[in-house]
Amino acid sequence: MKILTVEQIKEIDFKTIAYENISSLEVMKRASRAFFDWFTAKFTDKNLSISIAAGTGNNGGDGLVVARMLHKSGYRVRVFIVEYSANYSEDCVHNIRRAKAENISIQKITSSNDIPDLSDCDIIIDAIFGTGLNREVTGISRKVIEKINESGKKIISIDVPSGLSMSSKINFAVQATETVSMQIPKLALYLPDNENFTRNVHLVDIGLSEKAIAEAETSFYFVTKQEIKNLLKPLKKFAHKGIQGHSLIIGGSIGKIGSVCLASKAALKTGCGLVTAFVPKCGTVALQSNLPEAMVIEDRNHTHITEIDFDIHPNAIGVGVGLSELPETQDAFYRFLKQNKAPLVIDADGLNILSKNKEWLDILPSKTILTPHPKELLRLIGEWSEDYDKIDKTIAFVKKYNLIVVLKGANSLIIDSENVYVNSTGTPALATAGSGDVLTGIITSLLAQGYESLQAAKIGVFLHGLTADISANRIHARSFIASDIIKNIGNAYFEIEK
């Protein structure tokens with residue numbers, strides 16, 4: 001699914017009107033109907049008191065149409081027009097007239113004295129500003145937003161939280177409980193800098209022209225379940241372990257063998273036919289005891305890896321989990337990279353070693369997948385000022401070395417030399433020790449099964465996040481651990497394929 005700019009979305013609105021020979025009011029009605037359907041499915045109690053804060057532009061027009069629909073359905077609704085400008089859009093004016101004719105309570109807010117007491121409402125719907133805002137919120141709009149944020153009520157934003165910029169970091173906007181966005185994903189809704197404003201984001205289809213969307217060019221995409229379902233290969237009737245791929249997981253040091261156990265088990269549970277772990281001697285008993293399905297190759301040293309030497313031919317290799325950054329291990333890692341030709345996933349200490357020896361990045365196989373968390377990324381690319389700068393610097397990094405980078409986070413980003421993909425699965429439950437080790441095993445397994453590097457990264461990240469989504473009602477996010485991810489990989493496959 002394409003992620004588009006504000007200008008592109010406006011163009012699609014215009015093209016929808018032209019291609020389908022409809023009015024702008026009809027597009028507004030479709031958007032409002034989609035929001036209304038989402039809202040009434042979630043909030044069925046018609047005794048709820050709903051306050052709608054609307055602006056003077058088309059986003060305010062959306063809010064007024066929603067007010068009319070909710071009022072007609074029996075909800076208790078009142079509307080406050082935040083008059084930040086004397087210039088109203090035509091569609092907004094039209095819907096003010098319609099709302100007044102339907103006896104909906106409407107009050108204009110032009111000064112601080114007009115701001116209503118929100119203590120007696122249950123839900124606030126935010127329709128003050130849309131995606132077109134490209135300045136800091138000031139004046140009466142800022143005062144109203146401050147009052148909304150301080151209300152302690154459920155706040156539901158139409159399309160985007162009012163005040164949120166679509167192209168740069170901001171420090172002030174509506175702090176929405178839920179954001180119901182119109183059909184086309186907006187990058188700003190999925191960035192860490194904006195988490196205080198966007199919270200839970202929901203996309204609703206408003207019937208924009210598919211032809212117009214297809215004509216828009218972009219390098220940013222939103223990864224959906226349907227896309228992942230289409231990428232998954234069928235499991236053949238006569239499949240056997242010899243053709244389902246062989247993963248090699250290299251890592252571990254004394255006290256950190258658990259990371260290799262997690263990565264190896266995740267590789268098996270993701271569907272790999274064979275998994276071998278390469279560990280120091282201290283890891284053999286732990287692996288053979290906890291994961292009898294995996295094979296083990298020992299380094300000659302007991303506590304850490306000193307020479308990565310094996311006589312097998314894996315289809316993909318995951319390296320770095322629990323590896324340590326000891327000088328002997330760094331030397332062994334370099335010698336391994338010099339001779340390795342297999343598809344590669346690098347995580348954890350592997351990334352930290354690379355950040356200390358950046359000239360080694362030149363010897364990585366094309367499309368090697370790096371999976372850094374924010375601090376590991378910082379060591380690789382340097383500091384950034386805000387999320388857009390971080391993305392730009394990561395794009396430059398992957399283009400320079402022809403890599404794929406997975407930026408782990410609430411909406412993990414998969415970045416290759418051509419595009420940026422925003423993952424749509426996952427919850428805060430994944431913020432737990434070992435979660436990244438599991439992701440390394442999942443992606444390595446998919447590589448070994450014959451998926452291209454970008455496909456493996458996209459499927460792996462989606463699958464990893466989906467395990468938390470589908471278990472959210474059974475395992476509290478605070479109690480979710482990395483082993484729970486592994487336990488739910490099979491259930492995640494079921495969810496994708498059903």
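Q183 is buried in this predicted model, with a relative accessible area of 10%, where buried denotes under 20% relative accessible area, exposed over 50%, and partly exposed the range in between (1.4 Å probe, protein chains only). The model is a predicted one, in which local features need pLDDT of at least 70 and side-chain atom pairs count only at pLDDT 80 or more, whereas totals for chains, interfaces and linings use all residues. Residues are numbered from 1 along each chain as its sequence is written, and side-chain values use heavy atoms, with hydrogens and water left out.

Q183 is located in the loop between β6 (178–182) and α6, and although Q183 is not a glycine, its phi is positive, at about 65°. Most residues other than glycine have a negative phi. A positive phi is also found at S324, another residue other than glycine, where the value is near 85°. S324 is placed in the loop between β12 (316–319) and α11 (327–339), and with a relative accessible area of 9% S324 is likewise buried.

The chain as a whole contains 18 helices and 17 strands, these being DSSP runs numbered from the N terminus, with helices defined as H or I over at least four residues and strands as E over at least two. The radius of gyration of the chain is 26 Å, close to the 23 Å that the globule rule gives for 498 residues, so the chain is as compact as a globular protein of that length; the radius is taken over C-alpha atoms, and the rule is 2.2 Å times the number of residues to the power 0.38. Along the principal axes, the C-alpha trace spans about 85 × 45 × 45 Å. Of the 498 residues, 57% are buried, and the accessible surface of the chain amounts to about 21600 Å², with 48% of this area belonging to carbon and sulfur atoms (Shrake-Rupley method, 1.4 Å probe). Among contacts between residues at least 6 apart in sequence, 71% join residues at least 24 apart, a contact being defined by heavy atoms within 4.5 Å.

Two nonpolar cores were examined, each core being a set of buried Ala, Val, Leu, Ile, Met, Phe, Trp, Tyr and Cys residues joined through side-chain atoms within 4.5 Å. In the largest, which has 55 residues, I369 and V438 touch the most other members. At least two residues of this core are supplied by each of α9 (258–269), β10 (274–279), β15 (404–407), α15 (435–448), α16 (453–470), α17 (482–487) and α18 (489–497), and α16 gives the most, with 8 residues. Leaving aside neighbours within four places in sequence, V438 is in contact with L262, A266, H464, A482, I485 and I486. A second, separate core comprises 54 residues, among them L187, L189, I391 and Y401.

Helix α6 (residues 195–198) contains E195, and F197 is found in α6 as well. The two residues fall in separate accessibility classes, since E195 counts as exposed at 55% relative accessibility, whereas F197 counts as buried at 6%. Beyond its neighbours within four places in sequence, F197 is in contact with P161, L164, I170, N171, F172, A173, V174, Q175, A176 and T179. The C-alpha atoms of F197 and P161 are separated by 6.5 Å, with their positions 36 residues apart along the chain taken as the sequence separation. For E195 and A286, which are 91 residues apart along the chain, the C-alpha separation is 40 Å.

E83 occupies the loop between β2 (76–82) and α4 (90–101) and is partly exposed, with a relative accessible area of 23%. Not counting residues up to four places away in sequence, E83 touches T56, Y88, K108, I109, T110 and I140. For one of these contacts, that with T56, the sequence separation is 27 residues and the C-alpha to C-alpha distance is 6.2 Å.
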